[in-house]
Amino acid sequence: MPVDLSSVPGAAGEPQAQYAPPPIVGEGYPLTDRQAELLALAADLGREKFGPRAARYDREASFPFESFEDLRSAGLLGLCVPQRYGGLGADYATYMILDAEIGRHCGATALTWNMHVCPTLWSGTLCDDLDMTVEQRAEHERHRSLHFERIVKEGKVYAQPFSEGGAAAAGKAPFGTLADKVEGGWLLNGRKIFASLSGAADYYGVLCTENKPDRSVRDTLYMAVPSDAPGFSIAGEWDPMGMRGTVSRTLIMKDVFVPDEAQLMPRGLYFQAANRWPHMFTTLSATYMGLAQAAYDFTIRYLRGEVPGAPPVKRRMYPTKQIAVAQMHVQLEQARALFLRTIGEAKIDPSKNERLRAYASHYTVMEYANEIARLAIRTCGGQSILRSLPLERIYRDSRCGALMLPWTAELCLDRIGREALYEYGEADD
Ligand SMILES: Cc1cc2nc3c(=O)[nH]c(=O)nc-3n(C[C@H](O)[C@H](O)[C@H](O)COP(=O)(O)OP(=O)(O)OC[C@H]3O[C@@H](n4cnc5c(N)ncnc54)[C@H](O)[C@@H]3O)c2cc1C
């Protein structure tokens, strides 16, 4: 007996409309009015400004200065700066949703914006949750008000260089960049690799270790180093496969003096934050959630013959294409479901399962972003890899997420396996 498909969209010869990409959070996700307003702002900027420029930044491996100017004008450099310091006062979840939306349009802008927002989020709401002495809190209040004022009033840009090549950025050894206490501040010596925003940031949020005997990860300091500090320099080439607009070159610090107020967190607090607020390391996944959606959206448009700049040839009628799109859709919704659940669970001292879910979410988004982009290329076919179209850039950018420390895809699995089998404090067998 024939099945009546008249109520199934697209199945019964309805008049054809253009594919309308869904909101990054999917339909029906409960956003506050403020979140919806900010998301609409990010979507407009992404669609009208960041997306059209993305190919040029990628081709030139140049920093998205114009896009940062737009972020500045829209107040988004201060997105997570608390309102009492003049910022927009957005929380972690709001940031994650906005960054994912921006990632749909320009991966490099979204990823570098992440590096700028993290210092504001970490020294802002995240630090409010940490245990501090009264003196530490008063000192931190003085320090962060200075950093926040620079961002909100002067439009300064911060970066987030951790990586040194080795176990430190994985959280398994103290950072090799050392800070010696001197009168009125600190002297920094060391080297950071893959420092996104190199040459574009005004301040670099450098993680380093207080130089004393028997140094440990507990001695980590978090310092904002001005780009014009004597002894600070940028070296090396930046010509990578993907995320080319991040311009992540090497920073070299040779006896760089920073004053006490350069501290973005009080002494010892980074260690507490890393252990008690683990979702602080998931912020990178937002960009890749956006890239996954972008690869999917491209595929739907392409198979419907609706990609601007490509011939309006339909390929959607082939069952093999439909199966591949279904696979991509399932993976995208799996990633989105975990992503949205996880961003709602970010807090101090999450439960063991919330922590494990954060690793699982980060792993899933990073791996699926690339898997969805891979399927997109295979499904759309040869013409889709032309550099005149965005898919090959999305594919190359999506490859980078799983490589990013401290939660590379491998290290997420490493942590899940270990923490699922051992309760906190249990020794190795
Ligand atoms: C586009 C892009 C932008 C970046 N921007 C920044 C930035 O702004 N700031 C920043 O700090 N970093 C940044 N990074 C760097 C990133 O986080 C890594 O540090 C970088 O990819 C270097 O990796 P590596 O090969 O040197 O890692 P290695 O330390 O050599 O590790 C190689 C691999 O081994 C595994 N591994 C490492 N240590 C351990 C361990 N102890 N136990 C088990 N497995 C381990 C990991 O899975 C890792 O992927 C960026 C990277 C990319 C790709």
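## A tour from Gly 381 to the ligand

Begin by selecting Gly 381, the residue that follows helix α9 and whose phi is positive, near 100°. Keep in mind throughout that what is on the screen is a predicted model.

From Gly 381, step back into α9 itself, which covers residues 352–380. Select its two end C-alpha atoms, which are 41 Å apart; because 29 residues at 1.5 Å a residue should span 42 Å, the two values agree.

Within this helix, select His 362 next. Is His 362 buried or exposed? His 362 counts as buried because 30 other C-beta atoms lie within 10 Å, where 20 or more are needed. If you set aside the neighbours within four places in sequence, the residues in contact with His 362 are Thr 282, Ser 285, Trp 407 and Cys 412. For a sense of scale, add Lys 192 to the selection: 170 residues separate it from His 362 along the chain, and their C-alpha atoms are separated by 24 Å.

Now turn to the strands, and show β3 (185–195) together with β7 (residues 249–259), which pair in the antiparallel sense over eight bridges. In this pairing, Ala 195 can be found opposite Arg 249 of β7. Then add strand β6 (residues 232–235), which runs antiparallel to β7 and is joined to it by four bridges; here Ala 235 stands opposite Thr 250 in β7.

The next stop is the largest nonpolar core, a set of 123 residues, in which Leu 188, Met 223, Val 225, Ala 292, Ala 295 and Ile 372 have the most contacts. Helix α7 (residues 284–303) supplies the largest share of this core, with 12 residues. In soluble globular proteins, nonpolar side chains tend to be buried together. Select Leu 188 and, again leaving aside neighbours within four places in sequence, look for its contacts, among them Thr 177, Val 206, Met 223, Val 225 and Val 258.

Finish at the ligand, which is surrounded by 25 residues, the closest being Phe 162, Ser 163, Phe 194, Ser 196 and Met 243. The elements giving two or more residues to this shell are β3, already visited, and α11 (409–421). Which element gives the largest share of the shell around the ligand? That element is α11, with three residues. If you colour the shell by class, you should find 14 nonpolar, eight polar and three charged residues.

How values were computed:
Residues are numbered from 1 along each chain as its sequence is written. This is a predicted model: local features need pLDDT of at least 70, side-chain atom pairs count only at pLDDT 80 or more; totals for chains, interfaces and linings use all residues. A residue is near a molecule or strand if its C-beta atom, placed from the backbone, lies within 6 Å of it. Ala, Val, Leu, Ile, Met, Phe, Trp, Tyr, Cys and Pro count as nonpolar, Asp, Glu, Lys and Arg as charged, and the others, Gly among them, as polar. A nonpolar core is a set of buried Ala, Val, Leu, Ile, Met, Phe, Trp, Tyr and Cys residues joined through C-beta atoms within 7 Å. A residue is buried if 20 or more other C-beta atoms lie within 10 Å of its own, exposed if 12 or fewer, and partly exposed in between; C-beta atoms are placed from the backbone. Two residues are in contact if their C-beta atoms, placed from the backbone, lie within 7 Å. The expected span of a helix is 1.5 Å times one less than its number of residues. Two strands pair if DSSP finds at least two bridges between them.
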